[in-house]
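I opened this structure to look up charged pairs, ring pairs and a few single residues. My entries follow in the order I made them.

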Amino acid sequence: AMAGIPHPPQDKLLQNVIDKLASFVARNGPDFEKMTMEKQCGNPKFAFLFGGEHHLYYKWKLGTEKAAQIQRQVEEQRKQIGQQKVQESIEKAPWQQSNWTQIQQDVAEPEPAAPAEEPTSLPDMSDFERVLVTAMETCKKEAIQSCKTWIFGYAQSDYHCYHVAQYLYYRAAG
């Protein structure tokens, strides 16, 4: 064995008993070890519990099992914290019901009047719908850029901006 690490028993069956007991004690605590000592008092196979041969190996194995148990708990806590943060982010997202209701109420405040100027022509919104659907379905940077380009290319006046905003509002509100 490496320096500082006690040699395991040559008897593989005994090593298995020690390793399993160390694992159980690490998981279930010192009361489990105490109960085992009471039940196995006088049993030569469990002499390692009472300071006999392989006691150092048992204590070393118990320490490594406890360390592994703590590591598993830390990893589980990190995983739970990560899941909790994701859940909190989801709950805070604007499309969640409680927030969404507030957003709809905010949007439902008196609508601004349409700008007074009359458009010379309104574009065919089916072009925008096609670009918008592609962006929503793919979520690709290029598709989103196409939406932005279409909006900025079309919205040349207050009336056009209002028209696009109304279209997006009714599209989102269903």
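**Charged pairs**

Glu65 has a relative accessibility of 16%, so I put Glu65 down as buried. I note here that the model is a predicted one.

I then looked for the salt-bridge partner of Glu65, and found Lys61, with the closest N and O atoms 3.9 Å apart. Both residues sit in helix H3, 4 residues apart, which means that about one helical turn separates them. Lys61 is buried as well, its relative accessible area being 17%.

How many salt bridges does a search of the whole structure find? My search gave 2. The other entry is Glu33 with Lys59, where the closest N and O atoms are 3.9 Å apart. Glu33 belongs to helix H2 (residues 30-40) and Lys59 to helix H3 (residues 55-92), so this pair ties together parts that lie 26 residues apart in sequence. I checked the burial of each partner. Glu33 counts as buried at 14% relative accessibility, while Lys59 counts as partly exposed at 37%.

**An acid without a bridge**

Next I turned to Asp19, which I located in helix H1 (residues 12-28). Is Asp19 buried or exposed, and which side chain of opposite charge is nearest? Asp19 is buried, and the nearest such side chain is that of Lys61, 4.3 Å away. A salt bridge needs the nitrogen and the carboxyl oxygen within 4 Å, and I recorded no salt bridge for Asp19. I also listed what Asp19 touches: leaving out residues up to four places away in sequence, these are Tyr57 and Lys61. Lys61 is the residue I had already entered as the partner of Glu65.

**Ring pairs**

I counted aromatic pairs and got 4. In one of them, Phe24 and Phe32 have ring centres 5.9 Å apart and planes at 50 degrees, so I call this pair tilted. Phe24 is partly exposed, with a relative accessible area of 35%. Phe32 also falls under partly exposed, at 23% relative accessibility.

Tyr57 and Trp60 have ring centres 5.8 Å apart and planes at 35 degrees, so this pair is tilted too. The two residues are 3 apart in helix H3, which means about one helical turn lies between them. Their burial took two further look-ups. Tyr57 is buried at 4% relative accessibility, whereas Trp60 is partly exposed, with a relative accessible area of 29%. Tyr57 is also one of the residues I listed as touching Asp19.

Which residues do ring pairs link into a cluster? I wrote down Phe46, Phe48 and Tyr58.

**A polar residue in H3**

My last look-up was Gln69, which I found in helix H3. Gln69 has a relative accessible area of 17%, so I entered Gln69 as buried. The side chain of Gln69 makes a polar contact of 2.9 Å with the side chain of Arg72. Which residues is Gln69 in contact with, once neighbours within four places in sequence are left aside? I noted Ala26 and Arg27.

Methods. Residues are numbered from 1 along each chain as its sequence is written. This is a predicted model: local features need pLDDT of at least 70, side-chain atom pairs count only at pLDDT 80 or more; totals for chains, interfaces and linings use all residues. Side-chain values use heavy atoms; hydrogens and water are left out. Buried means under 20% relative accessible area, exposed over 50%, partly exposed in between (1.4 Å probe, protein chains only). Rings of Phe, Tyr and Trp (its six-membered ring) pair if their centres lie within 6.5 Å; planes under 30 degrees apart count as stacked, over 60 as edge-to-face and the rest as tilted. A polar contact is a pair of N or O atoms within 3.5 Å; within protein, one must be able to donate a hydrogen and the other to accept it, and residues adjacent in sequence count only if both atoms are side-chain atoms. Contact means heavy atoms within 4.5 Å. Lys and Arg count as positive and Asp and Glu as negative; His and the chain ends are not counted.
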